[in-house]
Amino acid sequence: LNSLMAKGISRKNLETAGLISSNDQGRVYDKFRGRIIFPIHDQRGRVIAFGGRILGDGEPKYLNSPETPVFHKGKELYGLHQALNAIGKQNQSLVVEGYMDVIALAQAGIENVVAALGTATTSTHIELLFRRCDEIIFSFDGDRAGRQAAWRALENALPSMRDGKQASFLFLPDGEDPDSYVRKLGHDVFVEKLHEKALPLPEYMLNHLAQNIDLNRM
């Protein structure tokens, strides 16, 4: 913090960028202190925000920059700039929940992967991807939060579904996320699971809706 201000960056600009905060006593502190920092790029590769993962115990575990004049989380996807070539070549994008998942999958050689930034997958996110490929696979945790995120993604994907566009959903076993799952299975088996186990959007939607219907009474 002091080093940035020493370079002539004003406190007002640091506050606008979401890099500093103040407590009730008016003490100014580094919002990302004690965290590993991950730069967030726009589609042109410019750094527009940061994500931070806490070291050790504490909450929140992950912290993203707040909304700023240059960062709107409902319009940006983590890793998109780096994934653009792979998405175009494969005509497919993989959407996961967090940036640690993106990094782990990229390290395993799965490069067409992006993540939303502290928000549900929005219709803007989906249109952004469908402009670059014809297929989106959503891979979320198999827990309740992951299934809720998947259903919100489905709702936001429906208006974008048109001829030639496909969406599907891969739910991981309980206790697994894409990060842990790809480390356990490796590249080839993980990709195989994507193609064999992912549910097409219509099938997932019908399965979800049928959960609250007694089909024996129909």
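Start with the whole chain: 9 helices and 10 strands make up the secondary structure of the protein. Keep in mind that this is a predicted model.

**Whole protein**

Show the C-alpha trace. Along the principal axes, the C-alpha atoms fill a box of roughly 65 × 40 × 35 Å. Colour by burial next. Of the 218 residues, 38% are buried. Now turn on contacts with a separation of 6 or more. Residues 24 or more positions apart account for 63% of them.

**The hairpin, β3 and β4**

Select residues 35–41 and 47–54. These are strands β3 and β4, which run antiparallel and are joined by 7 bridges. Pick I36 in the first selection. Which residue of β4 stands opposite I36? R53 does.

Move to the turn. The two strands form a hairpin with 5 residues between them. G45 sits in that turn, with a positive phi of about 90 degrees.

**From β4 to β5**

Add residues 62–64, which are β5. β4 and β5 run antiparallel too, joined by 3 bridges. For one pair, select G51 and N64: N64 in β5 is the bridge partner of G51.

Stop at the loop between β4 and β5, where P60 lies. Check the peptide bond between E59 and P60. It is cis, with omega about -5 degrees. As background, most peptide bonds are trans.

**The loop after β5**

Step on to S65. It lies in the loop between β5 and α3. Is S65 buried or exposed? It counts as buried, because its relative accessibility is 5% and the cut-off for buried is under 20%. Show its contacts, leaving out neighbours within four places in sequence. They are A17, F32, A49, F50 and F71.

Stay in this loop and select Y78, which is also found between β5 and α3. Y78 counts as buried at 11% relative accessibility. Draw a distance from its C-alpha atom to that of A115. The separation is 5.1 Å, although the two residues are 37 apart along the chain.

Now show the contacts of Y78, again without neighbours within four places in sequence. F38, P39 and I40 are among them. So are Y99, V102 and I103. V113, V114, A115 and L117 complete the list.

**Helix α3**

Select residues 80–90, which are α3. Look down the axis. L80, A83, A86 and I87 are buried. Why do they lie on the same side of α3? They cover an arc of only 120 degrees around the axis, and so they share one side. The general rule helps here: an α-helix has 3.6 residues a turn, so residues three or four places apart point the same way.

Rotate to the other side of α3. N85 and K89 are exposed there. Then turn back and show what the buried residues pack against: β6 (92–96), β7 (113–115) and α5 (123–130).

Go just past the helix to N91, in the loop between α3 and β6. Its phi is near 55 degrees, a positive value in a residue other than glycine. Most residues other than glycine have a negative phi. N91 is partly exposed, with a relative accessible area of 32%.

**The five-stranded sheet**

Show β6 to β10. They form an open sheet of 5 strands with mixed pairing, in the order β7-β6-β8-β9-β10. Which strands are at the edges? They are β7 and β10 (199–200), each pairing on one side only.

Zoom in on β6 and β7. They pair in the parallel sense over 3 bridges. Select L94 and V113 to see a pair: V113 in β7 is the bridge partner of L94.

**The largest pocket**

Finish with a surface. Rolling a probe the size of a water molecule over the atoms shows where empty space is left. The largest pocket holds about 560 Å³ of space. Its lining has 23 residues. Select Y62, E97, G98, Y99 and D101, which lie nearest the pocket centre.

Colour the lining by element. β5, α4 (99–107) and α6 (144–157) each give two or more residues to it. Then colour by residue class. The lining divides into 11 nonpolar, 5 polar and 7 charged residues.

Two stops on this tour meet at Y99: this residue lines the pocket, and it is also in contact with Y78.

Notes:
Residues numbered from 1 in each chain as written. Predicted model: local features only at pLDDT ≥ 70, side-chain atom pairs only at ≥ 80, totals over all residues. Heavy atoms only, no water. 1 Å grid on protein atoms, 1.4 Å probe; cavity = no way out; pocket = protein on both sides within 12 Å on 5 of 7 lines; lining within 4 Å. Points joined across faces, edges and corners; volume = space filled by probe spheres on them. Helix = DSSP H or I, 4+ residues; strand = E, 2+ residues; numbered from the N terminus. Nonpolar A, V, L, I, M, F, W, Y, C, P; charged D, E, K, R; others polar. Pairing = 2+ DSSP bridges. Buried < 20%, exposed > 50% of the residue type's maximum accessible area, 1.4 Å probe, protein only. Contact = heavy atoms within 4.5 Å. Arc of directions from axis to C-beta.
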